Amino acid sequence: MKKEDANAEKVWLVFVYACFNSWMYLRCFLFLQDYRARRFIDQKVEVVSGTTTDDYLRKLDEALEVASRNFQPELVIYNAGTDILDGDPLGRLKISPDGITSRDEKVFRFAREKNIPLVMLTSGGYMQSSARVIADSIENLSRQGLIQTRPE
């Protein structure tokens, strides 16, 4: 789809990314050098290697605020990677398991407050602990009433 297409104003792409190791840097560099693809990014949020939980969540809050002011989506597709966990061999960020839970809750609350359907895609995460972190986050979303895990 071309940005100039009639329905293009219905797409808002928030791209939160980190480019820090050779493999990831090459992928990010190639993507960011793809000017055709780049023009579809409406809101670019870069985090650097070593970003901490508090800094990451602050950037997320700011990104959600900007997105909220500029766009009223009909659907949120949320790529919820856990390669940002502290110790992940590819992510190289310093996000705690509680930070992942907070991140997911913030995104789900954003969608819930605006009555927007949300699709969560789990991705990334190259440590055995990632599965437990994802499960804990989903349990939290259920406890907070942001998702339903059992039929009523």
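1. In this predicted model, the side chains of Lys94 and Asp86 form a salt bridge, with a nitrogen-to-oxygen distance of 3.8 Å. Lys94 is partly exposed, at 45% relative accessibility. Asp86 likewise counts as partly exposed, with a relative accessible area of 45%. Both values fall between the 20% limit for buried residues and the 50% limit for exposed ones, so the intermediate class applies.

2. Salt bridges with shared partners also link Asp55, Arg58 and Glu62 into one network. Within it, Asp55 meets Arg58 at 3.8 Å, N to O, and Arg58 meets Glu62 with the closest N and O atoms 3.2 Å apart. Arg58 thus appears in both pairs. By the rule applied here, the salt bridges of the model number 9. Side chains of opposite charge can pair when their charged atoms come close.

3. The placement of this network along the chain deserves a remark. Asp55 and Arg58 both belong to helix H3 (residues 53-70) and are separated by 3 residues, about one turn of the helix. Arg58 and Glu62, also both in H3, are 4 residues apart, again about one turn. As to accessibility, Asp55 is partly exposed at 34%, Arg58 is partly exposed at 39%, and Glu62 is partly exposed at 43%.

4. Turning to the strands, S3 (residues 76-81) and S4 (residues 118-123) pair in the parallel sense over 6 bridges. One of the bridge partnerships joins Gly81 to Ser123 in S4. Between the two strands the chain passes through helix H4 (residues 97-113), and the resulting β-α-β crossover is right-handed.

5. The length of H4 can be checked against expectation. The helix has 17 residues, and at 1.5 Å a residue it should span 24 Å; the C-alpha atoms at its ends are 24 Å apart, so the two values agree. Just after H4, Asn115 adopts a positive phi of about 55°.

6. Which residues of H4 are buried? They are Gly99, Ile100, Thr101, Arg103, Asp104, Glu105, Val107, Phe108, Phe110 and Ala111. The list includes the charged-type residues Arg103, Asp104 and Glu105. The buried residues of this helix pack against H3, S3, S4 and H5.

7. The largest nonpolar core comprises 21 residues, and those with the most contacts inside it are Tyr56, Tyr78, Ile84, Ile95 and Ile100. The elements contributing two or more residues are H3, S3, H4 and helix H5 (129-143). Of the elements, H4 gives the most, with 5 residues. Ile100 is also among the buried residues of H4.

8. What does Tyr78 touch, when residues up to four places away in sequence are not counted? Its contacts are Arg103, Asp104, Val107, Phe108, Leu118, Val119, Met120 and Leu121. Among these, Arg103, Asp104, Val107 and Phe108 are buried residues of H4. Leu118, Val119, Met120 and Leu121 fall within the residue range of S4, 118-123. Tyr78 itself falls within the range of S3, 76-81, and is listed with the core residues that have the most contacts.

Terms used:
Residues are numbered from 1 along each chain as its sequence is written. This is a predicted model: local features need pLDDT of at least 70, side-chain atom pairs count only at pLDDT 80 or more; totals for chains, interfaces and linings use all residues. Side-chain values use heavy atoms; hydrogens and water are left out. Two strands pair if DSSP finds at least two bridges between them. A crossover is right-handed if, with the strands pointing away from the viewer, the path from the first strand over the helix to the second runs clockwise. A salt bridge is a side-chain nitrogen of Lys or Arg within 4 Å of a carboxyl oxygen of Asp or Glu. Buried means under 20% relative accessible area, exposed over 50%, partly exposed in between (1.4 Å probe, protein chains only). A nonpolar core is a set of buried Ala, Val, Leu, Ile, Met, Phe, Trp, Tyr and Cys residues joined through side-chain atoms within 4.5 Å. Contact means heavy atoms within 4.5 Å. The expected span of a helix is 1.5 Å times one less than its number of residues.
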